[in-house]
There are 4 protein chains.
Amino acid sequence: MSKVIKGGTVVAADRTYEADILIEGERIAAIGQNLSGDTVIDASDAYIMPGGIDPHTHLEMPFMGTTAAETWESGTFAALSGGTTMVVDFVIPGPDGMLAALEEWEGRATRQASSDYSYHMAVTDWSEQIFHDMGKVVDHGINTFKHFMAYKGSLMVNDDEMFASFQRCAALGALPLVHAENGDIVAALQQKYIDAGIPGPEAHAYSRPPEVEGEATNRAIMIADAAGVPVYIVHVSCEQSHEAIRRARQKGMRVFGEPLIQHLTLDESEYQNPDWMHAARRVMSPPFRDKNHQDSLWAGLAAGSLQVVATDHAAFTSEQKTLGLDDFRKIPNGTGGLEDRMPVLWTRGVETGRLTMNEFVAVTSTNIARILNIYPQKGAILPGSDADLVVWDPKLSKTISAGNQKSIIDYNVFEGIRVNGMPRYTLSRGDVVWSHGQNDQPQPGRGKFVKRRPFPAV
Amino acid sequence: MSKVIKGGTVVAADRTYEADILIEGERIAAIGQNLSGDTVIDASDAYIMPGGIDPHTHLEMPFMGTTAAETWESGTFAALSGGTTMVVDFVIPGPDGMLAALEEWEGRATRQASSDYSYHMAVTDWSEQIFHDMGKVVDHGINTFKHFMAYKGSLMVNDDEMFASFQRCAALGALPLVHAENGDIVAALQQKYIDAGIPGPEAHAYSRPPEVEGEATNRAIMIADAAGVPVYIVHVSCEQSHEAIRRARQKGMRVFGEPLIQHLTLDESEYQNPDWMHAARRVMSPPFRDKNHQDSLWAGLAAGSLQVVATDHAAFTSEQKTLGLDDFRKIPNGTGGLEDRMPVLWTRGVETGRLTMNEFVAVTSTNIARILNIYPQKGAILPGSDADLVVWDPKLSKTISAGNQKSIIDYNVFEGIRVNGMPRYTLSRGDVVWSHGQNDQPQPGRGKFVKRRPFPAV
Amino acid sequence: MSKVIKGGTVVAADRTYEADILIEGERIAAIGQNLSGDTVIDASDAYIMPGGIDPHTHLEMPFMGTTAAETWESGTFAALSGGTTMVVDFVIPGPDGMLAALEEWEGRATRQASSDYSYHMAVTDWSEQIFHDMGKVVDHGINTFKHFMAYKGSLMVNDDEMFASFQRCAALGALPLVHAENGDIVAALQQKYIDAGIPGPEAHAYSRPPEVEGEATNRAIMIADAAGVPVYIVHVSCEQSHEAIRRARQKGMRVFGEPLIQHLTLDESEYQNPDWMHAARRVMSPPFRDKNHQDSLWAGLAAGSLQVVATDHAAFTSEQKTLGLDDFRKIPNGTGGLEDRMPVLWTRGVETGRLTMNEFVAVTSTNIARILNIYPQKGAILPGSDADLVVWDPKLSKTISAGNQKSIIDYNVFEGIRVNGMPRYTLSRGDVVWSHGQNDQPQPGRGKFVKRRPFPAV
Amino acid sequence: MSKVIKGGTVVAADRTYEADILIEGERIAAIGQNLSGDTVIDASDAYIMPGGIDPHTHLEMPFMGTTAAETWESGTFAALSGGTTMVVDFVIPGPDGMLAALEEWEGRATRQASSDYSYHMAVTDWSEQIFHDMGKVVDHGINTFKHFMAYKGSLMVNDDEMFASFQRCAALGALPLVHAENGDIVAALQQKYIDAGIPGPEAHAYSRPPEVEGEATNRAIMIADAAGVPVYIVHVSCEQSHEAIRRARQKGMRVFGEPLIQHLTLDESEYQNPDWMHAARRVMSPPFRDKNHQDSLWAGLAAGSLQVVATDHAAFTSEQKTLGLDDFRKIPNGTGGLEDRMPVLWTRGVETGRLTMNEFVAVTSTNIARILNIYPQKGAILPGSDADLVVWDPKLSKTISAGNQKSIIDYNVFEGIRVNGMPRYTLSRGDVVWSHGQNDQPQPGRGKFVKRRPFPAV
Ligand SMILES: [Zn+2]
Ligand SMILES: [Zn+2]
Ligand SMILES: [Zn+2]
Ligand SMILES: [Zn+2]
Ligand SMILES: [Zn+2]
Ligand SMILES: [Zn+2]
Ligand SMILES: [Zn+2]
Ligand SMILES: [Zn+2]
């Protein structure tokens with residue numbers, strides 16, 4: 001049973017051209033003119049792009065005394081409906097260690113995922129056990145380790161732990177990832193605003209200024225450089241952090257930066273909303289920033305100093321948000337975005353001329369596939385690649401609303417934004433898993449774990 | 001008569017993988033495992049890469065009262081022997097205008113070229129005639145226009161001429177190229193050193209300091225930004241110029257920078273050589289720089305703020321250099337490099353760990369193919385691409401010497417440099433035109449003009 | 001007849017201390033405790049500061065087909081009323097050359113000036129005559145030469161003229177000043193907006209974007225560096241220009257930057273005012289900028305990368321502005337500011353905590369006195385210094401309004417701004433020439449020319 | 001008994017002028033022409049400058065298992081012989097706390113000092129006790145607190161301790177000082193080189209790369225900014241650290257940077273000396289750097305982004321250095337410089353044209369006096385200022401050598417450097433305490449503690 005996508009324009013990271021795509025089984029079998037197959041998928045007046053990869057999600061993550069409400073089932077289906085065919089989720093070890101946590105994560109993902117997926121493993125402490133477990137994690141097909149410089153008292157690691165882990169990454173051919181905010185200063189500033197009688201969500205932003213993120217980014221880069229390993233900074237939200245990345249790259253250091261679709265389009269004025277719930281729903285770390293930072297992030301994507309657009313999808317319900325009603329420090333940190341990343345980025349990036357279509361593909365899919373060492377299995381339209389494809393219709397449009405989303409969250413931070421450009425069809429390993437206007441349903445268990453081999457060790 | 005390249009590792013700008021390559025006629029027909037064809041080309045223990053593209057040559061250029069001695073015949077064959085399968089040469093209009101000059105260039109190239117080729121057209125003045133001719137030049141298949149900010153009194157254009165031409169480029173979908181040095185200041189500094197009694201080649205370097213290049217780069221970028229067109233800076237030799245490019249890119253401007261293999265590896269101490277001829281042979285503009293600038297250029301290639309490595313091949317004989325025996329201003333500006341670019345870049349870039357193999361391919365071929373809008377006909381290893389390929393043997397080595405080069409020049413600025421990594425075979429549109437250790441000969445007239453369509457107009 | 005200023009706090013560029021100041025004749029005779037004199041000037045609850053020096057005025061300047069309406073009489077009295085005791089005006093040579101123009105300027109100034117004054121001489125062309133005249137101008141007591149990179153077709157000089165003049169400055173021990181905007185590009189952009197049917201004042205701003213100023217600043221600095229002379233950039237209005245200055249200073253180059261009080265406090269939204277006259281009154285070059293640039297300028301004053309706050313006082317009446325009713329290019333460029341510089345800077349700079357009081361004195365008086373080589377005759381509170389002093393009362397306040405100003409212009413660009421901090425008394429060479437609440441009158445002819453010796457030649 | 005310094009040229013931070021200086025008692029009584037006094041000090045053909053202030057010494061400091069051999073007696077006399085009339089030494093609290101340590105320091109200084117002196121207090125931990133003691137320290141006349149980000153396991157404080165202390169400084173009107181190197185990474189790198197079998201002094205430099213200093217500088221600045229207090233970075237040795245300072249200043253932050261005379265003139269090649277002792281004698285933190293960093297530091301002094309030149313005088317004998325014969329980590333960190341700072345800075349800075357004479361005075365004396373809030377008692381030539389003066393003879397020269405120095409150390413890191421410019425006379429509070437060519441002797445106990453009031457609290 002072959003399929004052929006006909007009549008479309010292929011948009012890859014490196015070029016744009018008209019071609020049909022023949023799919024046999026789970027893979028692309030041929031790309032060319034006048035191909036035929038058993039089933040025809042109509043791509044006329046549309047673009048065919050590699051399915052999006054969101055390298056930063058927290059589905060059903062236990063965090064801050066609750067668990068992110070977005071499930072693997074709802075989240076991965078929401079992703080597919082928005083053109084994202086693979087997510088990479090963060091495994092957070094508990095007291096039983098990395099391998100137990102991995103098992104726990106697999107238990108959830110295997111049963112529920114509609115899209116393909118992979119994991120990053122968090123290093124939240126340091127010990128001989130962890131040193132050894134990192135090797136086993138790599139053997140399991142995970143080549144990325146996450147480090148939190150914030151969340152003091154829980155996830156945070158200090159500089160010598162980070163250096164030890166980075167050196168271990170170098171030896172294993174793995175890539176360290178970093179949440180870059182200075183946890184000591186965040187904690188002290190949080191206390192300051194509480195003491196000053198400002199317990200509302202606006203103080204969340206006040207206590208995490210851009211300088212605090214820029215500092216940590218700069219520090220993580222120095223430590224990676226000393227350890228002789230590249231480094232990937234997640235959720236780059238501000239010029240300060242971007243500047244540190246650029247400065248390092250200008251010296252030949254291998255540093256990657258990932259802005260989120262939220263920081264590219266939303267700003268800190270949201271936290272001034274008199275409606276507590278409106279503001280609380282937008283509490284995430286780093287917080288939204290002054291609008292000026294957005295220009296920096298967009299330019300970075302165009303210039304190549306930033307490479308990936310992600311979501312940090314960590315979606316809590318309104319009710320969960322009320323945990324922090326009296327104290328912003330207890331508001332579960334996180335917002336959604338998985339479903340909206342690609343339409344919003346297209347609308348605000350490609351339609352405005354900030355990004356070319358090829359850059360759109362690069363930053364939503366190809367670049368991260370290369371960084372994660374799964375290219376061209378993922379992130380490419382090449383013979384032999386997985387047939388994770390989006391037929392992108394630039395004429396389809398909608399107004400984003402919690403009322404019509406696939407996510408099970410009861411609100412949406414992009415509520416009211418009009419997007420032009422949406423998937424007409426989304427294919428995952430050759431199957432049409434989303435078609436606009438049809439009543440598609442999640443296919444829990446269909447998604448597969450994507451193994452990622454380490455890079456050659458340093 | 002098909003050919004198959006077997007046993008090698010394909011290195012493209014985006015990935016590295018083992019595959020055979022089947023060639024039918026002039027094009028790549030298939031890439032895969034266990035392919036077979038009428039002829040087998042052995043690539044075992046070797047890399048298969050897209051043929052190099054040198055976007056900056058001056059073959060047989062009339063300049064400074066003489067004509068560059070490297071002919072289209074010798075130059076393009078030298079290129080092939082070094083793994084470069086396409087050159088882009090600069091057409092310099094004389095009093096009869098662009099179209100007459102183009103005809104003249106074609107007269108030389110058509111008869112002699114062994115490799116494929118294309119042209120940039122120089123804009124050395126401004127008039128309604130030129131405005132109209134630019135349109136015809138684009139129709140002819142040329143989408144790039146060169147502007148000289150130096151060479152006062154001959155090639156130099158001033159700011160309003162440049163702005164007019166850049167606007168015209170924007171309207172035509174063409175890309176402006178710029179030789180960026182402040183010609184007024186160069187001329188004044190040249191006079192100063194002559195007046196000071198320093199007529200030797202060292203004064204060539206003194207009179208063209210990096211600041212003079214950085215200034216002009218910065219100015220060209222501003223003018224392009226005002227005209228709403230991207231811009232490509234040729235022969236970026238120094239941090240000052242690179243800084244201007246980075247600064248612009250950080251604001252989202254579309255600016256490209258091209259360092260030369262000479263500036264990446266040779267430095268200004270050459271001009272202090274007590275042997276006049278040694279120094280004079282190295283006179284080019286911009287001159288070689290202090291070693292510190294090299295770090296900046298290498299980092300730019302790794303970071304993506306510089307995209308292309310070229311040669312500015314403008315090769316004059318020792319005898320021609322003596323035109324400036326009494327006055328450095330009369331030394332014909334230019335050096336060779338076409339034959340050595342890829343081996344030297346591999347040795348100093350890839351072997352040292354500064355660049356990955358994929359980046360090597362990107363900066364020698366793929367990036368410029370995209371910039372010139374001829375990708376993936378050129379610069380790619382994809383089905384349908386021209387079979388311009390190099391079987392690169394990292395074990396082959398030699399010491400560069402005028403005594404064993406294909407160039408007809410009587411010296412070589414890289415003399416004595418040991419290179420590791422050379423072509424085992426070079427293929428041009430499917431034919432093996434160079435094979436290491438065989439007595440290959442030039443095939444004048446074999447090379448073809450490569451048409452380049454304009455980009456969508458702004 | 002001695003005077004003593006009693007009960008105040010002396011604020012100098014380097015310190016703040018309580019002291020009385022004894023004046024004998026035109027000079028400060030002593031500074032200390034419990035001094036007595038024939039007359040007592042009350043400075044209780046007030047600061048005593050060196051009188052302001054405005055190094056950038058155009059009184060009665062013939063320009064753009066009219067003559068600036070602010071006269072030497074009204075302008076210098078307005079200055080005194082605002083705490084400025086010396087102005088430096090620009091002599092613009094006409095067809096009869098520098099010396100004739102100087103005579104013309106002296107004719108006006110000598111008769112009318114209430115405050116002390118000096119001149120900068122403009123170099124608007126290049127010739128052997130000018131080369132020689134520059135020497136005579138220096139002999140006359142003028143050590144600064146102004147260069148316009150804009151106003152194409154009238155005042156503008158090109159790069160080799162500027163380089164020649166800068167070298168001459170180096171030889172004479174004079175300091176070149178530069179109006180930095182790329183005149184070619186401004187002219188072309190002006191034409192573009194006229195052609196596009198936008199003849200209003202908003203197009204004045206559109207046609208002079210910050211990049212055009214940044215470029216010219218960068219170029220002027222390079223040329224000065226090549227000529228071996230420091231350089232002073234007038235009316236630095238934007239981050240782009242400031243960045244070029246910082247970058248040069250970070251390399252050890254001697255570059256000075258002068259923001260205007262207008263650019264520190266007013267922004268480009270003024271040009272969007274639907275009232276043509278409102279916008280036209282604010283037309284000056286460079287134009288007001290986006291608010292973000294203000295942060296850059298204020299930080300530069302604090303960091304020392306910018307040194308002087310001036311006004312570029314070139315005041316035309318509303319009627320004169322109507323010359324450009326149909327074409328923004330004909331609106332006489334210029335606004336007032338001489339009277340308001342110090343109160344506005346105090347209010348927006350010192351009261352907000354951006355500048356210390358010492359920095360206020362530095363940027364309004366001391367720094368420019370040092371740059372102009374008249375320190376400590378001017379710009380200092382030291383025994384022997386001219387008794388040009390302001391008794392600054394931080395409690396005095398007013399709302400700026402054309403209705404109550406000393407300037408004879410019929411509007412004020414700072415209209416409606418509330419200022420706190422104004423002169424209680426202004427002294428010029430020992431005489432009280434302004435006292436708050438008294439009916440002081442101009443004293444035409446009282447002001448004297450201040451000779452400025454050249455610096456040691458390079 | 002008055003004294004008059006006659007015939008000299010006064011060089012202050014803001015101007016240069018010819019004048020005599022009358023001294024009565026300990027203070028400057030008058031500055032003017034033709035002054036007379038009981039004793040005449042000849043300053044003909046010489047400059048009169050404020051005595052140098054070295055804000056960074058460690059006399060008799062207990063450190064790394066030994067005690068710096070330079071005593072208060074020898075050190076302060078060496079200072080005077082080189083034109084430095086005041087030192088500020090670091091009090092390092094032991095287990096008995098700040099006040100006990102202060103008493104200990106006073107015990108040594110009071111008895112021995114020939115020059116005036118003051119202290120900085122180190123904060124090496126955090127507790128309520130320290131919070132309170134800081135207040136008492138300020139009451140004692142000390143307005144600066146030092147923080148070590150390196151020396152893990154002994155002096156190092158972490159980020160939240162530093163933030164707490166900085167906030168306390170803000171409340172007290174005190175200025176935090178920082179030794180900026182990332183102690184975690186230094187410790188890890190030290191271990192790495194030991195493990196790699198490189199126990200020699202060269203590994204001292206390898207384990208403290210510039211990036212490690214730049215990172216810590218950047219972090220200290222962020223923490224100070226969050227605490228709302230200025231910050232002073234001691235021994236800025238590299239571009240990375242200077243860049244962080246410049247970047248902060250460009251945003252309006254109040255950050256000061258202090259390069260040492262060693263880093264301005266000596267480079268890392270010293271650690272490659274095959275003579276272990278040669279290299280070990282130069283072991284200090286931060287280590288000497290690649291020569292390129294020197295350009296950055298010199299330019300910073302000229303541009304004002306760096307303000308003070310100090311020595312970090314911590315002088316150990318050759319025998320003490322042998323403590324680290326088998327392990328570079330045990331080599332006592334520190335070199336001398338107190339005696340040589342001013343002659344070396346004059347020779348390499350003023351004679352070469354990098355600094356003006358006024359800048360020389362600013363960076364050796366005036367700037368730090370203002371930063372420490374003791375201006376114009378110290379650092380100025382003004383009536384009423386302490387008569388701490390140097391009659392500087394630009395014709396006096398010598399070759400620096402341990403053989404002829406006042407320091408009691410058996411070597412000198414500037415050995416063999418020829419200096420032009422030395423004190424003819426040094427005066428401390430009106431007394432000639434050093435006269436060139438005379439057999440001056442230390443005057444232990446003559447020096448006095450200089451109280452420094454806090455700044456207005458934030
Ligand atoms: Zn995070
Ligand atoms: Zn996250
Ligand atoms: Zn060129
Ligand atoms: Zn060229
Ligand atoms: Zn102007
Ligand atoms: Zn002006
Ligand atoms: Zn230290
Ligand atoms: Zn120290």
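**Figure 1. Zinc site of ligand 6 in chain C of the predicted model.** The zinc ion (ligand 6) takes its protein donors from H56(C) through NE2, H58(C) through NE2 and D312(C) through OD, at 2.1 to 2.2 Å. Along the chain, these donors follow the spacing H-x1-H-x253-D. A second metal, the zinc ion (ligand 5), is 3.4 Å from the zinc ion (ligand 6). H58(C) belongs to the loop between β8 (52–57) and β9 (62–63) of chain C, and D312(C) to the loop between α11 (292–303) and α12 (318–321), so the pair ties together parts that are 254 residues apart in sequence. H58(C) is buried, at a relative accessible area of 5%, and D312(C) is likewise buried, at 7%.

**Figure 2. Zinc site of ligand 2 in chain A.** Coordination of the zinc ion (ligand 2) is by H56(A) (NE2), H58(A) (NE2) and D312(A) (OD), at 2.1 to 2.2 Å. The spacing of the donor residues in sequence is H-x1-H-x253-D. The zinc ion (ligand 1) lies 3.4 Å from the zinc ion (ligand 2). In chain A, the loop between β8 (52–57) and β9 (62–63) contains H58(A), while the loop between α11 (292–303) and α12 (318–321) contains D312(A); the pair therefore ties together parts that are 254 residues apart in sequence. Relative accessibility is 5% for H58(A), which counts as buried, and 8% for D312(A), which is also buried.

**Figure 3. Zinc site of ligand 7 in chain D.** The protein donors shown are ND1 of H179(D) and NE2 of H235(D), which lie 2.0 to 2.1 Å from the zinc ion (ligand 7). The zinc ion (ligand 8) is separated from the zinc ion (ligand 7) by 3.4 Å. The two histidines link distant parts of the chain: H179(D) is in strand β14 (residues 175–179), and H235(D) is in the loop between β15 (231–233) and α8, with their positions 56 residues apart in sequence. H179(D) is buried at 2% relative accessibility, and H235(D) is buried at 2% as well.

**Figure 4. Helix α7 of chain D.** This helix covers residues 210–227, 18 residues in total, and reaches 26 Å from its first C-alpha to its last, close to the 26 Å expected at 1.5 Å a residue. α7(D) is mostly covered, with 16 of its 18 residues buried. The residue that follows the helix, G228(D), has a positive phi near 70°.

**Figure 5. Contact between chain D and chain A.** The contact involves 26 residues of chain D and 25 residues of chain A. About 2,000 Å² is buried between the two chains, and carbon and sulfur atoms give 62% of this area. I185(D), E215(D) and M222(D) supply 25% of the area that chain D buries against chain A, more than any other three residues. Between these chains there are 6 salt bridges. One salt bridge joins R219(D) to E215(A), with the closest N and O atoms 3.6 Å apart. There are also 6 residue pairs in polar contact between chain D and chain A. On the side of chain D that touches chain A, at least two residues come from each of α4 (159–172), α5 (183–195), α7 and α8 (239–249). Of the elements of chain D, α7(D) gives the most to this side, with 10 residues.

**Figure 6. Salt bridge between chain B and chain C.** The side chains of E243(B) and R247(C) meet at an N to O distance of 3.5 Å. The pair crosses between chains, from helix α8 (residues 239–249) of chain B to helix α8 (residues 239–249) of chain C. Both E243(B) and R247(C) are buried.

**Figure 7. Salt bridges within chains A and B.** Over all chains, the whole structure holds 120 salt bridges. In chain A, D431(A) and R446(A) pair with an N to O distance of 3.1 Å. D431(A) is in strand β19 (residues 431–435) and R446(A) in the segment after β19, so the pair ties together parts that are 15 residues apart in sequence. D431(A) is partly exposed, at 33% relative accessibility, whereas R446(A) is buried, at 13%. In chain B, D327(B) forms a salt bridge with R329(B), where the closest N and O atoms are 2.9 Å apart. D327(B) is buried at 10% relative accessibility, and R329(B) is partly exposed at 29%.

**Figure 8. Salt-bridge network in chain A.** The linked residues are E26(A), R27(A), D116(A), K378(A), D386(A), D388(A), R429(A) and K448(A).

How values were computed:
Residues numbered from 1 in each chain as written. Chains lettered and ligands numbered in written order. Predicted model: local features only at pLDDT ≥ 70, side-chain atom pairs only at ≥ 80, totals over all residues. Heavy atoms only, no water. Donors = N, O, S within 2.8 Å, 3.2 Å for Na, K, Ca; no water. Helix = DSSP H or I, 4+ residues; strand = E, 2+ residues; numbered from the N terminus. Buried < 20%, exposed > 50% of the residue type's maximum accessible area, 1.4 Å probe, protein only. Expected span 1.5 Å × (residues − 1). Contact = heavy atoms within 4.5 Å. Buried area = accessible area lost by both parts, 1.4 Å probe. Salt bridge = Lys/Arg side-chain N within 4 Å of Asp/Glu carboxyl O. Polar contact = N/O pair within 3.5 Å; in protein donor to acceptor, adjacent residues only side chain to side chain.
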